[in-house]
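Me: Please take one part of this model and look at it closely. Then follow its connections outward and explain the terms as they come up.

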Amino acid sequence: MVDGSTNGTANGRWKGIERPYASEDVLRLRGTVQVEHTLARLGAERLWTLLHSEAYVPALGALTGGQAVQMVKAGLKAIYLSGWQVAADANLGGHTYPDQSLYPANSGPALVRRLNNALLRADQIHAAEGDTETYWLAPIVADAEAGFGGPLNAFELMKAMIEEGAAAVHFEDQLSSEKKCGHLGGKVLVPTNQFVRTLAAARLAADVCGVPTILVARTDALSAALLTSDTDPADEPFLTGERTPEGFFVVRAGLEAAIARGCAVAPYADLVWFETSTPDMGEAREFAQAIHEQFPGKMLAYNCSPSFNWRSQLDDNAIAGFQDDLAALGYRFQLVTLAGFHSLNAAMFELAHGYAREGMSAYVRLQEAEFALEEHGYTATRHQREAGAGYFDAVAQAISGGESSTLALEGSTEAAQFRS
């Protein structure tokens with residue numbers, strides 16, 4: 001099989017992965033020019049290594065380039081890109097949307113590019129200062145929603161994600177025209193075999209691009225009670241015989257349905273994810289055991305969702321050990337989808353609330369908190385340097401042969417008042 005891996009056979013990259021197409025199909029669709037997608041390839045290879053060398057890979061959803069940089073600076077090794085956050089505050093339509101695939105389909109890839117560009121700049125800034133210890137290009141795991149259409153849409157969306165440097169991409173088994181956040185009601189599933197075609201389209205796109213992109217299959221069958229069609233025998237056990245006014249088929253949602261779909265798509269995906277309604281370890285264990293009974297060692301993903309009221313569901317000890325317990329069950333990628341949205345909004349509200357009542361005293365508290373974080377590696381207190389002023393000073397010096405008189409940081413307020 002012609003695929004995107006340089007050593008897939010040697011490292012077991014494609015063990016247990018099925019492709020319903022031939023090598024000849026990939027070669028025919030590549031064209032005569034093979035474009036090198038460096039960031040996507042490096043990210044996919046690094047994430048694959050992390051998934052097999054770490055107990056689990058934790059990630060937070062990033063909403064801005066600055067957040068992505070701070071995540072890496074703080075020690076996270078991967079970044080999640082949430083479609084919910086794209087809809088709410090980072091889409092190319094310039095609007096605020098609920099998570100219902102209402103935004104332009106190229107918005108997700110555009111945010112992948114923005115995050116990667118911010119990480120590249122951080123790498124350039126630090127390398128120019130002689131610091132090459134941090135690996136800045138943390139793999140980005142991106143949300144492709146329900147594919148924004150049929151298999152051809154999924155094929156094109158996967159290509160766009162790869163072109164912008166995504167390391168991994170996940171697709172879900174909802175009807176794209178009725179897509180809802182996993183924690184909203186009214187979700188409509190597509191037949192199991194249609195979801196398999198979506199995953200095959202995404203894998204084909206990665207193979208055509210020559211990148212070993214990690215493909216994640218997510219099912220919403222735990223809580224979705226509607227289905228577009230009754231034609232797939234795999235879905236028959238869950239049909240109730242009822243129809244909705246829109247013509248959808250009513251199905252029996254629940255863990256059994258999620259397990260059935262997880263097993264059906266496991267051969268076509270690198271990781272399997274079932275979207276949950278509560279942080280239920282018993283439920284997670286039952287799902288993992290059922291998948292591994294048929295597919296030993298299949299990696300799983302879990303959304304430690306902000307939609308859960310964690311404190312009302314679990315005590316402190318259970319919360320502290322939750323991710324380690326998940327890891328022991330095979331949940332190798334664990335994410336907090338909307339971390340960027342909540343951290344950004346909570347931090348700004350706290351500052352604005354204080355500033356409206358106390359003026360500069362409130363802002364100075366924020367600045368002092370930043371100073372306190374510096375012992376842990378935080379550097380954004382010096383915002384001019386953080387944005388690259390020093391890097392472009394180095395560019396100016398190189399161009400002028402070291403004789404530039406217009407350097408930005410030299411003589412700046414930041415240089416005079418903040419420690420280097």
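Reply: **A close look at strand 10**

In strand 10, Leu 271 and Trp 273 point one way while Val 272 and Phe 274 point the other way, and all are buried. Buried means under 20% relative accessible area, exposed means over 50%, and partly exposed lies in between, with a 1.4 Å probe and protein chains only. Strands (E, at least two residues) and helices (H or I, at least four residues) are DSSP runs numbered from the N terminus. The model is a predicted one, in which local features need pLDDT of at least 70 and side-chain atom pairs count only at pLDDT 80 or more, while totals for chains, interfaces and linings use all residues. Residues are numbered from 1 along each chain as its sequence is written, and side-chain values use heavy atoms, with hydrogens and water left out.

Which strands pair with strand 10? Strand 6 (214–219) runs parallel to strand 10 and is joined to it by four bridges. Within this pairing, Thr 219 stands opposite Phe 274. Strand 11 (299–303) also pairs with strand 10 in the parallel sense, over three bridges. Here the bridge partner of Leu 271 is Met 299. Two strands count as paired if DSSP finds at least two bridges between them. In general, strands of a sheet pair through backbone hydrogen bonds, either parallel or antiparallel.

These pairings belong to an open sheet of eight strands, in the order 1-12-11-10-6-4-3-2, with parallel pairing. Strand 1 (57–60) and strand 2 (79–81) are the edge strands, each of which pairs on one side only. On average, neighbouring strands of the sheet are turned by 20 degrees against each other, direction ignored. At one edge, strand 1 pairs in the parallel sense with strand 12 (residues 331–336) over four bridges. Pro 58 has Gln 334 of strand 12 as its bridge partner.

Helices lie against these strands. Helix 3 (residues 38–53) lies across strand 10 and several others, including strand 1, strand 6 and strand 12, and runs at about 65 degrees to strand 6. Helix 6 (residues 107–128) lies across strand 2 and strand 3 at about 155 degrees to strand 2. For such angles, axes are lines fitted to C-alpha atoms, for helices over the stretch in contact, and the values run from 0 to 180 degrees between N-to-C directions. Contact means heavy atoms within 4.5 Å. Another helix, helix 8 (residues 192–209), holds Thr 198. Thr 198 counts as buried because its relative accessibility is 7%. Not counting residues up to four places away in sequence, Thr 198 touches Ala 154 and Phe 171.

Next come the charged side chains. A salt bridge here is a side-chain nitrogen of Lys or Arg within 4 Å of a carboxyl oxygen of Asp or Glu, and by this rule the count comes to 23. Arg 218 forms one with Glu 172, their closest N and O atoms being 3.6 Å apart. That pair links distant parts of the chain, with Glu 172 in strand 4, Arg 218 in strand 6, and their positions 46 residues apart. Arg 218 also forms a salt bridge with Asp 220, with the closest N and O atoms 2.9 Å apart. Glu 172 counts as buried because its relative accessibility is 2%. Arg 218 is buried as well, at 5%, and Asp 220 is buried with a relative accessible area of 0%. Glu 172, Arg 218 and Asp 220 are among the residues linked in a network of salt bridges, which also includes Asp 99, Glu 145 and Glu 275. A separate example is the salt bridge between the side chains of Arg 41 and Glu 36, at 2.9 Å from N to O. Arg 41 counts as partly exposed because its relative accessibility is 21%.

Two loop residues also deserve a look. Ser 101, in the loop between helix 5 (83–89) and helix 6, has a positive phi of about 55 degrees although it is not a glycine. Ser 101 is buried, at 16% relative accessible area. Phe 148 lies in the loop between strand 3 and helix 7 (151–163). Phe 148 has a positive phi of about 60 degrees, and it is not a glycine either. Its relative accessible area is 18%, so Phe 148 is buried.
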